[in-house]
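Q: Could you take a close look at one part of this model for me? I'd like to see what is packed around it, step by step.

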Amino acid sequence: MSPESYMMSLGYSAKDHQGAVKAPIFQTSTFAFHTAEEGKAFFEIAYGLREKREGEELGMIYSRVDNPNMHMLEQRLAVWDNAEAGAFFSSGMAAITTTVFTFVRPGDLFVYASPVYGGTDHFFNHVLPQFGIKVVKFFPGETEIEILKRIETEAPGMKPAMIYIETPGNPINSLIDLEMVRDMADGFTSFERECLMVVDNTFLGPVFQHPMKFGADLVVYSATKFIGGHSDVIAGACVGSSALIGQIKAMRTFFGSQIDPNSAWLLMRSLETLKIRMEQQSRSAVEIAQYLLSHNMVSELHYLGFLEKGSDQERIYQKQCEAPGSMIAFNIKGGEKEAFAFLNNLELFKLAVSLGSTESLAEHPATMTHVDVAPEDRDRLGISPNLIRLSIGLENPGDLILKIEKALEKAEETYLNNQKLEHSF
Ligand SMILES: Cc1ncc(COP(=O)(O)O)c(C=O)c1O
């Protein structure tokens, strides 16, 4: 069956819950054991004191370790990525930080592709070094040889414990070749130490991109975005092999970074409509991007549906992405003033950060989500003062275009006034 067919029932039996078609919310912190012996057995397994016996069924202990809502949700998300297991967290950042700290130790080298989400960027550049972790970044468009040279120059003789990429990258949809990263991670893997490949799949996943097919060891998500899809939950996730996810869950137990039962229940509801939401949002985004492409106030468009034919980015898109998705970024003619004029006059969209929700959102990466990105990297990453990022929701695309048209008119007035002022000096 296809993943969407599992979303209404996997891991849940109505007959065990008085016929309730929907799973209840297991709003409980702790679980009663039938006997002391059973409690002892659960703890032995939870702490890895012994292996699970043949046919032994483990029950719940405490909701920081596991909870029926979290458990069902994890099984269901794993289906989309064809992964053995999944783990849910209280936020996307909790998923990322718990995953990194499970495998990367003081003295290790950590390599990532820039750009990444601003919060992730801050964690990599300002938090990891405080733990004695050496961080090296590379950029979209660099070849494998150039990246390897960069690593050798910046961290001579070191092999990364992890290579982390976000593709498409926030905010301008820059793509990184997953197979190239797999090849590098294999090259760094030795008998003593594995180099793990981790992919943030928030922008297109889990419906339109499947990084594990291209060799990713772990895939992380801000489930706050498309997976949640209604701007009413903060959550994160990671999927991968049972062995790796098992280690991450052990770390999660001690960090206490797990999702709560109520949020897990909301996300189970969201997963039921995930595919139709993402498909419709992507269809609407194509229409809107097409409109932007033809507008004289738009100087550059960054949308996966309209990549330059024959470019390296298009080659990567054709190989690893299954649809362009609903994130659009564009440069407006002018600078911050024109960008703000557009945002301040844009109706129907909410002027807010975040993405992937039923309502359309607009924001200004240079002063909002990516304000903390190193100034020397901004130009290279295209995070300029005239860049605007849109997340297309489920409103009628024709209505959204009308509102964009109006806001672009206002931005054009600002642009023309600025030009006049400049010429009058
Ligand atoms: C691509 C990406 N990854 C991770 C995160 C962090 O997720 P959260 O806000 O759920 O902690 C975000 C948030 O915007 C994001 O856009």
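**Strands, helix 3 and its neighbours**

A: Let's start with one pair of residues in this predicted model: Tyr164 stands opposite Val198 in strand 5. Strand 5 (residues 196-200) is joined to strand 4 (residues 160-166) by 5 bridges, and the two run parallel.

Now zoom out a bit. There's an open sheet of 7 strands, ordered 1-7-6-5-4-2-3, with mixed pairing. At its edges sit strand 1 (85-89) and strand 3 (134-138), each of which pairs on one side only. On average, neighbouring strands in this sheet are turned by 20° against each other, ignoring direction.

Next, follow the sheet to strand 1. Helix 3 lies across strand 1 and strand 7 (236-240), and runs at about 125° to strand 1. Helix 3 (residues 68-80) also meets helix 9 (residues 261-293): their axes come within 8 Å and cross at roughly 35°. That crossing is left-handed. On the helix 3 side, the contact is made by Asn69, Met70, Met72, Leu73 and Arg76, while helix 9 brings Pro261, Ala264, Trp265, Leu267, Met268 and Leu271. Sort those residues by class and you get 9 nonpolar, 1 polar and 1 charged.

Finally, the bigger picture: the chain is divided into domain 1 (66-270) and domain 2 (274-424). Their C-alpha centres lie 26 Å apart, and 29 residues of domain 1 are in contact with 37 residues of domain 2. Helix 5 (residues 118-127) gives the largest share of domain 1's touching side, with 3 residues. By class, that side of domain 1 has 15 nonpolar, 11 polar and 3 charged residues.

Notes: Residues numbered from 1 in each chain as written. Predicted model: local features only at pLDDT ≥ 70, side-chain atom pairs only at ≥ 80, totals over all residues. Axes fitted to C-alpha atoms, helices over the stretch in contact; angles between N-to-C directions. Helix = DSSP H or I, 4+ residues; strand = E, 2+ residues; numbered from the N terminus. Left-handed = near helix turned anticlockwise from the far one by under 90°. Contact = placed C-beta atoms within 7 Å. Nonpolar A, V, L, I, M, F, W, Y, C, P; charged D, E, K, R; others polar. Domains from an automatic or database assignment. Pairing = 2+ DSSP bridges.
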